[in-house]
Amino acid sequence: MVSCYPAKFEAFKSDKKVRNVILLIGDGMGLPHVQAAMTAAGVPLNIQRTEVTGLQTSHSADNYITDSAASGTALSSGIKTNNGMIGVDPQGNKVKTILEIAEENGLATGLVSTSAITHATPASFIAHQQSRGSYEDIAADFLRTDIDVFIGGGYDHFAKRADGKNLIDNLKASGYEVVTSADMLRNSDTPSKLAALVYPDQPPYRLSGRGEMLYDATRKAIDILSKNKKGFFLMIEGSQIDWAGHANAADTLIDETLDLDRAVGVALDFAKADRNTLVIVTADHETGGVTITGGDIKTRRTRLQFSTKGHSAIMLPVYAFGPGAGNFTGIYDNTDIPKKILNAYMFNK
Ligand code: MG
Ligand code: ZN
């Protein structure tokens, strides 16, 4: 049947299922962060290439304002938990994540972040711990799944541990190529399993030396995961938008948002060519209580005003591209996002 809609509105044929999902999370990235980045860029952002926008609420089980552990768990499992808890419900019971469900269905899986890979957001997709600060226990949880690629900081949580174990040896024994610097990552061939722990703990800001790590990591992860014909699930986090928000550092906040947007571009280019990939871009919460009190399109400047050094409770934008993206329009809760993602997968026919 001939469609009366232009090609762009393929997104609204929500019955079409996908093989691959790429979920990009800007930690702390509210609407003002995106708008300030749009103004600073002077050209359309990659985020603006998405086809559908929605809004999500994000309160946790015990607080109107969520932290990254509770919101990460909501986004990974569809369960509300208390602030600080990773992949468990408020009673401490483990909850199954979309990454684990993807694994069970034969998909390849990956996590990329510009924080330690053991930090709350990526940890929420793979680990089950009562406390987000249990970094060494979270690192050990990586070996309890068959994740194919993970890239971030946090080498010391695997290698220099209080229990004396060196989990790098375990990773190698499990078939991972282990790389320990951003240069090694850029120059590595494309192995079938990759553990890239490219900083001892937290990477620096992009402007302070991290460079194009997120762009390189996103390309590498998609290269590896897309070899699996059954499909993949990949979560990519721009972690440090949040840290710039806590620091009320406007220029860094904008730069970190633009850094995530370049990863969004890589994801969208892949999805556009592949036609079987759903891309979602959203946040776990807003950081800084940011508003824009002035600006100038010509000079690409915005005046950001911060109302807190912490997180705020404001609703968060969701941007979607690809088959099934239409299911992400409207206002819903963060716990609905993994349900929508699972529903989009072919294995869930
Ligand atoms: Mg985070
Ligand atoms: Zn934060």
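A residue counts as buried under 20% relative accessible area, as exposed over 50%, and as partly exposed in between (1.4 Å probe, protein chains only). By that scale His 246 is partly exposed, with a relative accessibility of 29%. This is a predicted model, in which local features need pLDDT of at least 70. Residues are numbered from 1 along each chain as its sequence is written.

**Magnesium ion (ligand 1)**

- Asp 27 (OD), Thr 121 (OG1) and Glu 237 (OE) are the protein donors, at 2.0 to 2.2 Å from the ion; donors are N, O and S atoms within 2.8 Å of the metal (3.2 Å for Na, K and Ca), and sites may look incomplete because water is not among the atoms.
- The spacing of these donor residues in sequence is D-x93-T-x115-E.
- Thr 121 in helix α4 (residues 120–123) and Glu 237 in strand β7 (residues 232–238) link distant parts of the chain, 116 residues apart.
- Thr 121 is buried at 1% relative accessible area, and Glu 237 is buried at 0% relative accessibility.

**Zinc ion (ligand 2)**

- Asp 242 (OD), listed twice, His 246 (NE2) and His 311 (NE2) are the protein donors, lying 2.1 to 2.4 Å from the ion.
- Along the chain the donors follow the spacing D-x3-H-x64-H.
- His 246 belongs to helix α10 (residues 241–246) and His 311 to strand β11 (residues 311–312), so this pair ties together parts 65 residues apart in sequence.
- His 311 counts as buried, at 18% relative accessibility.

**Secondary-structure terms**

- Helices (H or I, at least four residues) and strands (E, at least two) are DSSP runs, numbered from the N terminus.

Notes:
Chains lettered and ligands numbered in written order. Predicted model: local features only at pLDDT ≥ 70, side-chain atom pairs only at ≥ 80, totals over all residues. Heavy atoms only, no water.
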